[in-house]
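Subject: The structure I promised you

Hi,

Here is the structure I said I would pass on. Have a look at it first, and then read my notes below.

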Amino acid sequence: MNKKIKFIIVSVAIVALLIVGYFWLDNILFDGVKPKYVSENGFSATLFSNNNTENRPTIILIGGGHWGDYWGQEFAKSNYVGLSLPYYRKEGLPQLMEEIPLEYFEKAILWIKEQPEVNPNKIIVMGASRNAELALLIASYFPNNIHGVIAFNPSSVSWSNTVLPFNSDSVKPSWTYKNQAVPYIVMDKIKGTPTSTIETLTYWKNGLSDSVAVSNAAITVENINGPILLLSGADDEVWPSAMMSDMIEKRIKMHNFHFDLENIKYENAGHLISSNPNNPSSIRQGKMDIGGKSYDFNFGGTETGDMEAQKDAAQRVFKFLLKLEND
């Protein structure tokens, strides 16, 4: 056997050993749940579940991204099923958060109901901020398929696309169903200031001051076919989520709602209470581009207040799921 052939054989053997070693180490060291990427039936998502999971409660994480993937992992570790579901700013999805058809989420719901890992009678949706608005909407529009909601820093109403500076300037619905607009509060775009900071609470409260518009755009939470968990920061400086949580609770009490509603408000906590409680962030401000100028805005709360809220909220989420599982 000449040297060239020997060299090839040795090289192939080394590569094979490296590949085997990689997968062996990966198996030993990886303590999470490996995601399954789904791109079919008209939607794109990431599925998290254990290999031996069957007929388990399932959480659809509205908005996906790092947030959805984190929670998907956490749910799968506890033998639930998580579906991290983005709906814009991804390949093949809309680039702007406007005129988003609820049918997109309906397709994902109908698909996941058929998966062996999933108990089709125990599917809930979960979201934070505008994705909590959307989660409540989805549950109210599809009560035959969704059986509960977890909403962090939610909205009680639907808003026009113009509440987000990066959307188009003309007023459009944020959400549609059957080619019709989901009723919304019409908002002008937020205006810049002479300084480098911007305060957003007043902007949202002005939108909520029109009682007729609020009544027209209110999410019909009474149609939700399952329990609701509302979690908000009392010191949320992004938008008045605690106030809107109270509006949701008031609407629920006005109707013959047959399920549990928890409205939890955290003192000294802001807009970031849905974040990973094991990886607290010291970032207290976000950035917003308005007319080509960058502004800082406050999330609210304190670092300690947020951390305590995140930990308590995570515990409440899993208590909510355990009750759903046992009911």
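Before we start on the strands, one term: two strands count as paired if DSSP finds at least two bridges between them. Please also keep in mind that this is a predicted model.

With that in hand, look at the hairpin of E1 and E2. Two residues lie between its strands, and Asn 41 there has a positive phi near 55°. How many bridges join E1 to E2? There are five, and the two strands run antiparallel. One pair you can look for is Tyr 37 with its bridge partner in E2, Thr 46.

Now zoom out to the sheet. E1 and E2 belong to an open sheet of eight strands, in the order E1-E2-E4-E3-E6-E7-E10-E11, and its pairing is mixed. Strand E1 (36–40) and E11 are at the edges; each has a single partner strand, so one side of each has no neighbour in the sheet. On average, neighbouring strands are turned by 20° against each other, ignoring direction. As a reminder, strands of a sheet pair through backbone hydrogen bonds, and they do so either parallel or antiparallel. The hairpin showed you an antiparallel pair, and E7 with strand E10 (residues 228–233) gives you a parallel one, joined by four bridges. Within E10, Leu 230 stands opposite Ala 151.

Two helices to find against the sheet are H2 and H7. H2 lies across E2, E3, E4, E6 and E7, and runs at about 170° to E3. H7 packs on the sheet too, where it touches E10 and E11, and its direction makes about 155° with that of E10.

H2 is worth a longer stop. It has 13 residues (65–77), which at 1.5 Å a residue should span 18 Å; the C-alpha atoms at its ends are 18 Å apart, so the two agree. If you try this yourself, multiply 1.5 Å by one less than the number of residues. Which residues of H2 are buried? They are Trp 67, Gly 68, Tyr 70, Trp 71, Gly 72, Gln 73, Glu 74, Phe 75 and Ala 76. What do they pack against? Their partners are the strands E2 (43–48), E3 (56–62), E4 (81–85), E6 (118–128) and E7 (149–152), together with helix H8 (303–326). After H2 comes Asn 79, with a positive phi near 70°.

H8 has a buried residue of its own to show you. Gln 310 is in helix H8, and its relative accessibility is 6%, so it counts as buried, the cut-off being under 20%. Apart from neighbours within four places in sequence, Gln 310 contacts Leu 272, Ile 273, Ser 275, Asn 276 and Pro 277.

Next, the nonpolar cores. In soluble globular proteins, nonpolar side chains tend to be buried together. Here the largest nonpolar core has 67 residues, and Ile 60, Ile 62, Phe 105, Ile 138 and Trp 159 have the most contacts inside it. Helix H4 (residues 130–141) gives the most to this core, with seven residues. Try clicking on Phe 105: beyond its neighbours within four places in sequence, Phe 105 is in contact with Ile 62, Leu 85, Tyr 87, Ile 100, Leu 134 and Ile 138. A second, separate core has 25 residues, including Leu 61, Phe 152, Ile 264 and Tyr 266.

Last come the salt bridges. How many are there in the whole structure? A search finds 14. One of them joins Glu 249 to Lys 253, with the closest N and O atoms 3.3 Å apart. These two residues are four apart in helix H7 (residues 241–254), so about one helical turn separates them. Glu 249 is partly exposed, at 23% relative accessible area, whereas Lys 253 is exposed, at 64%.

Another salt bridge joins Asp 260 to Lys 323, with 3.2 Å between the closest N and O atoms. This pair links distant parts of the chain, 63 residues apart: Asp 260 is in the loop between H7 and strand E11 (261–266), and Lys 323 is in helix H8. Lys 323 also forms a salt bridge with Asp 327, at 3.3 Å between the closest N and O atoms. Through these shared partners, Asp 260, Lys 323 and Asp 327 form one network.

Have fun exploring, and write back with any questions!

Best wishes

Notes: Residues are numbered from 1 along each chain as its sequence is written. This is a predicted model: local features need pLDDT of at least 70, side-chain atom pairs count only at pLDDT 80 or more; totals for chains, interfaces and linings use all residues. Side-chain values use heavy atoms; hydrogens and water are left out. Buried means under 20% relative accessible area, exposed over 50%, partly exposed in between (1.4 Å probe, protein chains only). Contact means heavy atoms within 4.5 Å. A salt bridge is a side-chain nitrogen of Lys or Arg within 4 Å of a carboxyl oxygen of Asp or Glu. Axes are lines fitted to C-alpha atoms, for helices over the stretch in contact, and angles run from 0 to 180 degrees between N-to-C directions. A nonpolar core is a set of buried Ala, Val, Leu, Ile, Met, Phe, Trp, Tyr and Cys residues joined through side-chain atoms within 4.5 Å.
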